[in-house]
Each structure stands twice: as C-alpha cells, then as structure tokens.
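Biologist: Please put the model up. I would like to go through it in questions and answers.

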Amino acid sequence: MFERVALVGIGLIGSSLAHAMRRGGLAGRIAIATRSAETLKRAEELGLGDEYHADAAVAVAGADLVIVSVPVGASGAVAQTIGPALKPGAIVTDVGSTKGSVITQMQPELPGNVHFIPGHPIAGTEHSGPDAGFADLFDGRWCILTPLPGTDAEAISSLTRFWEACGSKVDVMDPQHHDMVLAIVSHLPHIIAYNIVGTADDLEAVTKSEVIKYSASGFRDFTRLAASDPTMWRDVCLHNRDAILEMLARFSEDLSALQRAVRWGDGEKLFDLFTRTRAVRKSIIEAGQEIDVPDFGRHVVAHPPKP
Ligand SMILES: NC(=O)C1=CN([C@@H]2O[C@H](COP(=O)(O)OP(=O)(O)OC[C@H]3O[C@@H](n4cnc5c(N)ncnc54)[C@H](O)[C@@H]3O)[C@@H](O)[C@H]2O)C=CC1
Ligand SMILES: O=C(O)C(=O)Cc1ccc(O)cc1
C-alpha cells in the first residue's frame, strides 16, 4: 500500500500500527524513530520495523506515509524536526487523542507540499510502550480523520484505505467537533477515574487495606482507566482544556442534582436516571460496540455487529 512508512513514536499505538501493517502487508519498509534510546532498542528487539533511527528526520526521509504517535504535547516539536526532511507528496498523519491543538502545533511546521491529515484511532488500552502493542487493536474500532479544508481528496482516500486495512472503520469529522465529542466519551471518563481512585487512595489511610481487599468490579474498572499513562493524559488535559472544562461543568451540575436526589430520598429521580443510563449501555451493545475486558484491558476486543 505504501513503499516506505515512518513511525515516529513507538509506544502502544505506534507498535500496534507496526503489527497491523505487518499483518496486512501494508508497507514495503517500516522506519522507526523515537526519542528514547531505550525504547528504540526495545522496538528493534521486538522486530517492529526494518530500520531504527534516533533522528526522526532521517526516518521520515523518503517516506510516503509518516505516522506521528507521541503524546499530544510533543506533536509540535516532532513536526519541527521532521518538517524539512519530508518527501514532497507524503501523507503526514498522527494518532493524538486531541485534534485542535495537534493541528495548531503541527501545521505551521509542515511544508505546503505534503498532505497533512490528522487522525485518531478510538482504540487503546491502559498499557503503554512498545511491548504493549498488538495487531488486532484497531479491528472493528473507529478511526476519526479531521482533515483541514482543501486537503487533497485522493490523499484522504488513501489514508482511509490504510486504516481500513488495519481493521478500522473510518469517519471524517471537524476537529472542534472531535474534541467536544471525545471530551465526554473518553477524556472525562479518564479524569473521573483518576479522581475516584485518588479519593479512595486518600481514604486508604483510614480504611487500611479495605479499599484493595473489597474492591468490587466497579471500582476495579476505574483503576484500569486510572492506570493509563500519566504523560499522555496530562497532555490530553492540557491540550483539550476548553472542551474538558465545558464537559466537567455539565458533569458537576448533574452530579449535584444526583447528590440532591440522594439527600432528599428522591427514589423516582434516581430510578429514572438509572433506567435511562441502562438503555444507553443496551444501545451500545446492540450497535456492536461492546468491549470485552477479560483481564482489565490487555486485549480490547470489539465485537462485530450482530446480523
Ligand atoms: N493509549 C491509548 O489508549 C491511545 C493513545 N492515543 C494517542 O496516541 C499517542 C501515543 O500514545 P501511546 O502510544 O499510548 O503512548 P506511549 O506512551 O505508549 O508511546 C509514546 C511514544 O512516544 C515517544 N515520544 C514521547 N515524546 C516524544 C518526543 N518528544 N519525540 C519523539 N518521540 C516521543 C515515546 O518514546 C514513545 O515511543 C498519544 O497522542 C495518545 O493521545 C490514541 C488512541 C488510544
Ligand atoms: O483503555 C481505554 O478504555 C480507552 O479508552 C483507550 C483510549 C484512550 C485514549 C484514546 O484517545 C482512545 C482510546
């Protein structure tokens, strides 16, 4: 599909892409670059690519497709490094969890003769690093592309076909809309998980080991999310600030209403809300988006829709 693909950043997402590309025979040659020498060495030990470079500019030279898979706060620095070395006509994309900020950081650093198409696979786990990747991570999961107005339609089609060959379904969306949607469905759940696990950890001093001993599956689900990479999620919070604050404000308002219902013993209100939310879960499962997390997320599997 592409003669030469460069992966800049080889953590969970970069390494999963390397596995998926190998599985589908999507790249003639895979060049890998990452910041830390240790990670680069590990990528080589795992045989994730064909070439390994400490300098991202060397890795992207001659590449037809460049995929930047680094924490969103590092996107601008990476674009600055690779910009002058990019091949004219190359497709440059990323996988960052926020899109408006990535575009603001990367676009000014990239030459006008490449096709910059920001992207975001809605697939992942709480694990990070080159050992965490697996070939079927993207199978049946959405990948959202947020191209800028005027982007070459053939380049968008080409990147769409690439993600489809990696197993994904592809949607195209406006970056601001992406950031608002992801703030509620992904960023807030992680922030809430970090918060509840932090609260429980504070209580631990009082409750001794009870928090761990009696942690039921509900709390365990939160600990899975709260085990996600701190650098990645710090960057998501700093780089999707407005949308996250907007959603947190709504969340706090609704939580206050729930608190009031508990305080005043308003069983009807509680029952109505819990009935409504149960229907949301049902519709997700019916849409084929149920996620199995048998060992708390090592393998996130999306089931195909039932016929
Ligand atoms: N973890 C997840 O579940 C998902 C993550 N994403 C996004 O994918 C991107 C990568 O995330 P992961 O692969 O999970 O992270 P990771 O922590 O597993 O890997 C990050 C990689 O970036 C490299 N890196 C960090 N700073 C760098 C810099 N300044 N220059 C060059 N390389 C640098 C690291 O060495 C590492 O290879 C992030 O933007 C994240 O928001 C998107 C979907 C899911
Ligand atoms: O592990 C989970 O449950 C996730 O939600 C994974 C994830 C994390 C970040 C993204 O931008 C997309 C997916």
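What follows is a short exchange on the fold, the domains, the ligands and one sheet.

Biologist: How many helices and strands does the protein chain have?
Modeller: This is a predicted model. The C-alpha atoms of the protein chain fill a box of roughly 65 × 40 × 40 Å along the principal axes. Its secondary structure comes to 12 helices and 11 strands.

Biologist: What is the radius of gyration of the protein chain, against the globule rule?
Modeller: The globule rule gives 19 Å for 307 residues. The value for the chain is close to that, so the chain is as compact as a globular protein of that length. The radius of gyration is 21 Å.

Biologist: How far apart do the C-alpha centres of domain 1 and domain 2 lie?
Modeller: The domain assignment gives domain 1 as 2-173 and domain 2 as 177-302. Their C-alpha centres lie apart by 29 Å.

Biologist: Which residue classes make up the side of domain 1 that touches domain 2?
Modeller: In the contact, 21 residues of domain 1 meet 22 residues of domain 2. By class, the side of domain 1 has six nonpolar, 11 polar and four charged residues.

Biologist: Where does ligand 1 lie with respect to the domains?
Modeller: 29 residues surround ligand 1, and Gly9, Gly11, Ser97, Gly124 and Ser128 are the closest. By class, this shell has 13 nonpolar, 14 polar and two charged residues. Both domain 1 and domain 2 give residues to the shell, so ligand 1 lies between them.

Biologist: Which element gives the largest share of the shell around ligand 1?
Modeller: Ligand 1 has 29 residues around it. Elements that give two or more of them are helix H1 (12-24), helix H4 (75-82), S7 and helix H10 (230-239). The largest share is three residues, and it comes from H1.

Biologist: Where does ligand 2 lie with respect to the domains?
Modeller: Nine residues surround ligand 2, and Ser97, Ile122, Gly124, Thr125 and Ser186 come nearest. By class, the shell has three nonpolar, five polar and one charged residues. Domain 1 and domain 2 both contribute to this shell, so ligand 2 lies between them.

Biologist: Which strands stand at the edges of the sheet S7-S8-S9?
Modeller: The sheet is open, with three strands and mixed pairing. Each edge strand has a single partner, so one side of each is left without a neighbour in the sheet. These are S7 (119-121) and S9 (169-172).

Biologist: Which residue in S8 is the bridge partner of His120?
Modeller: S7 and strand S8 (residues 142-145) run antiparallel, joined by three bridges. The bridge partner of His120 in S8 is Ile144.

Conventions. Residues numbered from 1 in each chain as written. Chains lettered and ligands numbered in written order. Predicted model: local features only at pLDDT ≥ 70, side-chain atom pairs only at ≥ 80, totals over all residues. Domains from an automatic or database assignment. Contact = placed C-beta atoms within 7 Å. Nonpolar A, V, L, I, M, F, W, Y, C, P; charged D, E, K, R; others polar. Near = placed C-beta within 6 Å. Pairing = 2+ DSSP bridges. Helix = DSSP H or I, 4+ residues; strand = E, 2+ residues; numbered from the N terminus. Rg over C-alpha atoms; globule rule 2.2 N^0.38 Å.
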